[in-house]
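Student: Please take a close look at the charged side-chain pairs, and then work outward from them to the surroundings. I would like each term tied to its cut-off as you go.

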Amino acid sequence: MADEQANTVLYDVSEGLATITLNRPDAMNALNTAAKVALRDALLEASADPAVRAVLLTATGRAFCVGQDLKEHVATLAATREAGDGNALSTVREHYNPIVRAITEMPKPVVAGVNGVAAGAGFGFALAADYRVVADTASFNTSFAGVALTADSGVSWTLPRLIGQTRAADLLFFPRSISAQDALELGLVNRVVPAAELADRAAEVARTLAAGPTVAYAGLKASMAYGAGHTLAEALAKEDELQTRAGASQDHTIAVEAFLKKEKPVYLGK
């Protein structure tokens, strides 16, 4: 299993940037168990590694990720029915939820470089990222209702917050392919770039973040997540807490001194 996991997800760290690449191109990066375990573990490794200051999540081939590997899922359905288990989708609890939480709770920015179709859980993983750079040939699809399933991978939380309840309901109840340009206009993605430039442009964004003030970025992620479910008064208190932490960072001192000297700051990520 270890070798299979290593092949399904590639992991590389260079100059503060961890690049995590889904690598099942012949299956359009569908998520079998090995890929899900490898992706979850790679994200947790990046989160815990102090040398990593940003993450780029991308994929090989013509798809970003089409979600659950249905060939494997059919076998799981048959096995659970035979056993009288009835829990063919324990993968949500065991894999998808930890993956999304690893992305959203990571104290460093995560960039999704979406090279092709992102559907189902693949769509959810892209939405969980902090910033989405998308090839102009890419597309998005909620997919869940199309196979008689409800939302998972955080889509019920992220999608309405990005585009509103009405538009989210439309995409969830009537799953269909959404082009990169339509996704940009809806507010689902940050940048659309020519497909041939996707790898370089997504890496450029991720490297810029990897060289930035990591503690401040962690605070920005935490404050936005907290503010989504709390009152203004509570959000203000959280901002005070997080700003105190950022103000005590070495990077804040570096930034202020560089500003006064009219120089470009060189951050340490701490």
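Tutor: E197 and R201 form a salt bridge in which the closest N and O atoms are 2.7 Å apart, the term being used for a side-chain nitrogen of Lys or Arg within 4 Å of a carboxyl oxygen of Asp or Glu. This is a predicted model, in which local features need pLDDT of at least 70 and side-chain atom pairs count only at pLDDT 80 or more, while totals for chains, interfaces and linings use all residues. Residues are numbered from 1 along each chain as its sequence is written, and side-chain values use heavy atoms, with hydrogens and water left out.

E197 counts as partly exposed because its relative accessibility is 34%, and R201 is placed in that class because its relative accessible area is 31%; buried means under 20% relative accessible area, exposed over 50%, and partly exposed in between, with a 1.4 Å probe and protein chains only.

A search of the whole structure finds eight salt bridges. One pair joins R24 and D69, whose side chains meet with an N to O distance of 3.0 Å. This pair links distant parts of the chain, since R24 sits in the loop between β2 (17-22) and α2 (33-48), D69 sits in the loop between β4 (63-65) and α3, and the two are 45 residues apart. The elements named here are DSSP runs numbered from the N terminus, with helices being H or I runs of at least four residues and strands E runs of at least two. R24 and D69 are buried.

Within a single helix, E105 pairs with R101 in another salt bridge, with the closest N and O atoms 2.7 Å apart. E105 and R101 lie in helix α4 (residues 91-105), four residues apart, or about one turn of the helix. An α-helix has 3.6 residues a turn, so residues three or four places apart point the same way.

Further along the chain, K238, E241 and R245 are linked in a network of salt bridges. K238 and R245 also take part in a helix packing, as they are among the α11 residues that make the contact with α10. Helix α10 (residues 214-227) and helix α11 (residues 232-247) pack at an angle of about 170°, with their axes 10 Å apart; the axes are lines fitted to C-alpha atoms, for helices over the stretch in contact, and the angles run from 0 to 180 degrees between N-to-C directions. The angle makes α10 roughly antiparallel to α11, because angles over 145 degrees count as roughly antiparallel, under 35 as roughly parallel, 65 to 115 as roughly perpendicular and the rest as oblique. On the α10 side the contact is made by V215, G219, A222, S223, Y226 and G227, and on the α11 side by E234, A235, K238, L242, R245 and A246, where contact means heavy atoms within 4.5 Å.

Next to D69 in sequence is L70, which lies in helix α3 (residues 70-83). L70 is partly exposed, because its relative accessible area is 46%. Together with V147 and L149, L70 makes a nonpolar surface patch of about 240 Å². Patches are made of residues with over 30% relative accessible area and no salt bridge, like charges being joined within 9 Å and nonpolar side chains (Val, Leu, Ile, Met, Phe, Trp, Tyr) within 5 Å; accessible areas come from the Shrake-Rupley method with a 1.4 Å probe, and for residues only the protein chains shown count as cover.

L149 leads from this patch to F144, since L149 is among the residues in contact with F144 once neighbours within four places in sequence are left aside, the others being G120, A121, T150, A151, D152, V155 and L172. F144 lies in the loop between β8 (139-141) and α6 (155-163), and F144 is buried, because its relative accessible area is 6%. A121 belongs to helix α5 (residues 121-128), which is mostly covered, with eight of its eight residues buried. S153 lies in the loop between β8 and α6 and counts as buried because its relative accessibility is 1%. Phi of S153 is near 55°, a positive value in a residue other than glycine. Most residues other than glycine have a negative phi.
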